[in-house]
Amino acid sequence: MTHTLIPVPYDTKVLRPRILHIGFGAFARAHPMVYLHHGLEKVGGDWGVVAARLNSGVEALTALDKADGRYHVAEADGETTCLREIGVLIKTLHPARDGATALPNLIASPDLSLILLTITEKGYCTSGGKLDLSNPCIQADLRRDAAPQTAIAVIVAGLAQRRTAGGDGLTILSCDNQPENGALTRAAVLGFARETDSELAEWIEASVCFPSSMVDRIVPAMSVQGHALVSEGLGREDSNAILCEPFRQWVIEDSFVGTPPPFTEGGAMLVPDVRPFEEMKLRMLNGAHTMLAWVGQLMGYETVSDCMGDATLRRATRQLMLSEQAPTLTLPKGADIAHYADDLLVRFENTRLKHRLAQIAMDSSQKMPQRLFAPIADNIDAERDWSMEALAVAAWIVGLRNLDPIADPHQEALREAARGSDPVAAVLDLVGPGELDSGPIRAAYERISNHGMLRALEHNLEEMPA
């Protein structure tokens, strides 16, 4: 095994608090921070990052502070590991540790130019493309009973201070896996602002940019094996380190207030329209991941690479991607979708990542609409086959009924529905699109329940259209 160590190559003393990253977890460390790192390495600059979380994670942020913001990203494949020291962090903030005013004060500061978000789908508190005013957390934040608890309320509070102080606008860039995530972020922020201050909402609309982006890098939660790999390569421990695959991609809508950070110099693409890229990734990679998360667990597997060792499941994954997801896409210019699918399967084989299926399965009710329900609707409209997509949804419902609980904002209601007399109808009534034909999903559910997951997969492959 070959290890390569690369220390921080730029002067960290010149960095200022130019970027706030809310939701600073494993993906943030391994993706946007790496692009900024490479950009600073290439062209320099003072683009420092303040890392923040709102709920859990105080200890993780404090550990970063103790390491002066330094941590390693271990990019690993089957043969090599590149350990890259990242030095873009200059500070961390958490309201439970630093007070409720710390984040709004930073957002109002003249140095700040960009807010990055990795707060997961549920963190936007939206429904139907708008702010969900029935969300209990949003209702509490609108009543101002206590300090803001949602990212949306924190951002609006900071923007209000910024406007009052006579500050300029800034850019808010979502890095979460949602279609048109920039438009969704804009809808959430403006929706909250309109409920509190109409003049503030007008200022935000005129002064703040919300570009969409598509992010791609497989970053599993750190495991004992991952920490051991890092320690072996460094010759010491780094509890802040992150393990990920070598591949990375970031496509960003070219819509910034002022000059953007050097993300493109670090390898990102600036484009006028992100949608073809994000739909291809959401439906091909993320859709396949969601299928594997539930189908694989029902077959007794623990990781994505375990699934790729099963020839039947690997073939089924390729069928899902090319026969059912790909026909729903408007592809970016020059894209070779078969090559893209095969590359994904190779990435899924990476045994060094230990990407756990249970981690991918978390919050599935928030992921199903864009990853599976939307392409199912497209296939129904076009009268195309969607049997593998039906099987993936059915496996989720069987898993809700039979597997150990997995974190989801609707976990209790979903598990109760899945254990009822008509689990398919009950679960789809909770989270499914209103017009979805449940017949194929019901048939797949019965096949899994009566004959097992492997036989259900084999049946779909046998019935695959020529």
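**Exercise 1. A salt bridge of Arg 347**

With which residue does Arg 347 form a salt bridge, and how far apart are the closest N and O atoms?

*Solution.* The structure is a predicted model.
Step 1. The partner of Arg 347 is Glu 245, and the closest N and O atoms are 2.5 Å apart.
Step 2. To place the two residues, note that Arg 347 belongs to helix 14 (residues 337–348), while Glu 245 sits in the loop between strand 12 (242–244) and strand 13 (249–253). The pair thus links distant parts of the chain, 102 residues apart.
Step 3. Both Arg 347 and Glu 245 are buried.

**Exercise 2. The network around Arg 16**

Identify the salt bridges of Arg 16 and state which parts of the chain they connect.

*Solution.* Step 1. A search of the whole structure yields 22 salt bridges. One of them joins the side chains of Arg 16 and Asp 46, with an N to O distance of 2.7 Å. Here Arg 16 lies in strand 2 (residues 16–22) and Asp 46 in the loop between helix 2 (32–43) and strand 3 (47–52), 30 residues apart.
Step 2. Arg 16 also forms a salt bridge with Asp 111, whose closest N and O atoms are 2.5 Å apart. Because Asp 111 is in the loop between helix 5 (102–108) and strand 7 (114–117), whereas Arg 16 is in strand 2, this pair ties together parts that are 95 residues apart in sequence.
Step 3. The pairs belong to a network of salt bridges that links Arg 16, Arg 18, Asp 46 and Asp 111.
Step 4. For accessibility, the relative accessible area of Arg 16 is 34%, so Arg 16 is partly exposed. Asp 111, at 26%, is partly exposed.

**Exercise 3. Surroundings of Ser 113**

Determine whether Ser 113 is buried or exposed, and list its contacts beyond four places in sequence.

*Solution.* Step 1. Ser 113 is located in the loop between helix 5 and strand 7.
Step 2. Its relative accessible area is 19%. Buried means under 20%, so Ser 113 is buried.
Step 3. With neighbours within four places in sequence set aside, Ser 113 contacts Arg 18, Trp 47, Leu 170 and Thr 171. Arg 18 is also a member of the salt-bridge network of Exercise 2.

**Exercise 4. The length of helix 8**

Compare the expected span of helix 8 with the separation of its end C-alpha atoms.

*Solution.* Step 1. Helix 8 comprises 16 residues (181–196), and at 1.5 Å a residue it should span 22 Å. The expected span is 1.5 Å times one less than the number of residues.
Step 2. The end C-alpha atoms are 23 Å apart, which agrees with the expectation.
Step 3. Buried residues in this helix include Asn 181, Gly 182, Leu 184, Thr 185, Ala 188 and Phe 192.

**Exercise 5. Packing of helices 18 and 19**

Classify the relative orientation of helix 18 and helix 19, and describe their contact.

*Solution.* Step 1. The axes of helix 18 (residues 411–418) and helix 19 (residues 423–431) come within 7 Å and cross at roughly 155°.
Step 2. Angles over 145 degrees count as roughly antiparallel, so helix 18 is roughly antiparallel to helix 19.
Step 3. From helix 18, Ala 413, Leu 414, Ala 417 and Ala 418 meet Pro 423, Ala 426, Val 427, Leu 430 and Val 431 of helix 19. The residues of this contact divide into 9 nonpolar, no polar and no charged.

**Exercise 6. Positive phi values**

State the location and accessibility of Asp 68 and Thr 120, two residues with positive phi.

*Solution.* Step 1. Most residues other than glycine have a negative phi.
Step 2. Asp 68 has a positive phi of about 55°. Asp 68 lies in the loop between helix 3 (58–66) and strand 4 (71–76), and is exposed, with a relative accessible area of 64%.
Step 3. Thr 120 has a phi near 65°. Thr 120 is in the loop between strand 7 and strand 8 (126–127), and is partly exposed at 31% relative accessibility.

**Exercise 7. Contacts of Leu 436**

Which residues does Leu 436 touch, not counting residues up to four places away in sequence?

*Solution.* Step 1. Leu 436 lies in the loop between helix 19 and helix 20 (439–451), and counts as buried at 14% relative accessibility.
Step 2. Leu 436 touches Phe 373, Ile 376, Ile 380, Trp 386, Leu 428 and Ile 441.

Key
Residues numbered from 1 in each chain as written. Predicted model: local features only at pLDDT ≥ 70, side-chain atom pairs only at ≥ 80, totals over all residues. Heavy atoms only, no water. Helix = DSSP H or I, 4+ residues; strand = E, 2+ residues; numbered from the N terminus. Buried < 20%, exposed > 50% of the residue type's maximum accessible area, 1.4 Å probe, protein only. Salt bridge = Lys/Arg side-chain N within 4 Å of Asp/Glu carboxyl O. Axes fitted to C-alpha atoms, helices over the stretch in contact; angles between N-to-C directions. Parallel < 35°, antiparallel > 145°, perpendicular 65-115°, else oblique. Contact = heavy atoms within 4.5 Å. Nonpolar A, V, L, I, M, F, W, Y, C, P; charged D, E, K, R; others polar.
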